[in-house]
Amino acid sequence: EALAKVIDGKAVAKTVRDEITIEVSRMKESIGVVPGLAVVLVGDRKDSATYVRNKKKACESVGIKSFEVRLGEDSSEEEVLKSVLSFNDDPSVHGILVQLPLPSHMDEQNILNAVSIEKDVDGFHPLNIGRLAMRGREPLFVPCTPKGCIELLHRYNIEIKGKTAVVIGRSNIVGMPAALLLQREDATVTIIHSRTKNPEEITREADIIISAVGQPNMVRGSWIKPGAVLIDVGINPVEDLSAPRGYRLVGDICYEEACKVASAITPVPGGVGPMTIAMLLSNTLTSAKRIHNFQ
Ligand code: NDP
């Protein structure tokens, strides 16, 4: 018997997109500026191409203009830097996103550092991450996936302040910034990673769990405190011969078991995934408003 409320990321993302659409047209009508997002795609990874296509589609759906540069797998780091720098200088671009991962012969750090922090809508620039980590400082942008997790908690009126939170995973793009954000919201945060000895005992203390691991169904029902709120970032393909493509996607959290213990849970798919792109659009709008001093 399922107990947990389903946190519907797809529906919240739609609400967020609708709000953005209104703001984009208000901005266009008042000052004649359309927010613009530029994507730099290097190489021919199919998954990256799909993500970029989805981001462009999402931009169109809210009236944000999208720009794209595609470079070949064997292009040089200088060429990538050149496109980033030209978007930095382009007044019709308010957000710049370098699709990761880059080909292995390139220095990701060098390239991410080149993105103007005013246009760093992914929030991956070390200055933005540094500010996120510091008390009394404000990052210009927060990374989209963790921001989407927190937005889901807010929109479902789930209190974070004073709560015990556990983040599973410590990657630069999800786990680490998710932990920093929860801490900024006054949760008491513990981070679990691959060297953690007793993950199960630690998660059992948590009122809120954000899981960003990439291991299908790792978090079992027995890991969860009754009434906990679960945000599952993991997107893991598992073989399913009855599915049209021979696989289906599951989260890091064993959904069937967790439903019986938690008070609220995000499904996979349809939870955090749609929020990530919605937050990218939101960051792009925020950037355009800030650059043009439009409230
Ligand atoms: P990474 O592989 O960069 O990081 C995974 C983290 O999980 C690492 O910190 C690793 O620890 C930790 N970890 C791995 N195995 C275990 C384990 N057995 N026990 C505890 N911790 C473990 O992944 P990402 O952060 O990029 O992504 C995580 C998941 O989220 C993936 O499934 C990805 O597909 C998904 N994702 C979803 C997005 C969305 O929009 N919904 C966006 C981005 C990612 P260590 O540091 O010690 O190696």
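Biologist: How many Å separate the centres of domain 1 and domain 2?
Modeller: Keep in mind that this is a predicted model. The chain is divided into domain 1 (32–116) and domain 2 (143–273). Taken over C-alpha atoms, the distance between the two centres is 29 Å.

Biologist: And what radius of gyration does the protein chain have?
Modeller: Along its principal axes the C-alpha trace spans about 55 × 45 × 40 Å. A compact globule of 295 residues would come out near 19 Å, so the chain agrees with that, having a radius of gyration of 19 Å.

Biologist: What's the tally of helices and strands, and what share of the residues count as buried?
Modeller: The secondary structure comes to 10 helices and 11 strands. As for burial, out of 295 residues in the protein chain, the share that counts as buried is 42%.

Biologist: Among contacts between residues at least 6 apart in sequence, what percentage join residues at least 24 apart?
Modeller: Here we leave out pairs closer than 6 along the sequence. Of the contacts that remain, those joining residues at least 24 apart make up 67%.

Biologist: Which helix gives the most to the largest nonpolar core?
Modeller: That core has 82 residues, and L230, A258, A262 and L281 have the most contacts inside it. Its biggest helix contribution is nine residues, and they come from α10. The core also draws at least three residues from each of domain 1 (32–116) and domain 2 (143–273). So much for the background; the helix you want is α10.

Biologist: Let's pick A262, then. Which residues does A262 touch?
Modeller: Skip anything up to four places away in sequence. What's left for A262 is A4, I224, A228, V229 and L230.

Biologist: Is L152 buried or exposed?
Modeller: L152 sits in helix α6 (residues 144–155). Leaving out residues up to four places away in sequence, L152 touches I7, G9, V12, I231, T266 and M275. One of those, T266, is 114 residues away along the chain, yet the C-alpha atoms are separated by 9.0 Å. The cut-off for burial is 20 or more C-beta atoms within 10 Å, and L152 has 23 such neighbours, so it counts as buried.

Biologist: Over to the ligand: which residues come nearest?
Modeller: There are 25 residues around the ligand. By class, that shell has 10 nonpolar, 13 polar and two charged residues. Helix α10 (residues 272–291) gives the most to the shell, with three residues. The ones that come nearest are G169, S171, S194, G214 and T276.

Conventions: Residues are numbered from 1 along each chain as its sequence is written. This is a predicted model: local features need pLDDT of at least 70, side-chain atom pairs count only at pLDDT 80 or more; totals for chains, interfaces and linings use all residues. A residue is near a molecule or strand if its C-beta atom, placed from the backbone, lies within 6 Å of it. Helices (H or I, at least four residues) and strands (E, at least two) are DSSP runs, numbered from the N terminus. Ala, Val, Leu, Ile, Met, Phe, Trp, Tyr, Cys and Pro count as nonpolar, Asp, Glu, Lys and Arg as charged, and the others, Gly among them, as polar. A nonpolar core is a set of buried Ala, Val, Leu, Ile, Met, Phe, Trp, Tyr and Cys residues joined through C-beta atoms within 7 Å. A residue is buried if 20 or more other C-beta atoms lie within 10 Å of its own, exposed if 12 or fewer, and partly exposed in between; C-beta atoms are placed from the backbone. Domain bounds come from an automatic or database domain assignment. Two residues are in contact if their C-beta atoms, placed from the backbone, lie within 7 Å. The radius of gyration is taken over C-alpha atoms; the globule rule is 2.2 Å times the number of residues to the power 0.38.
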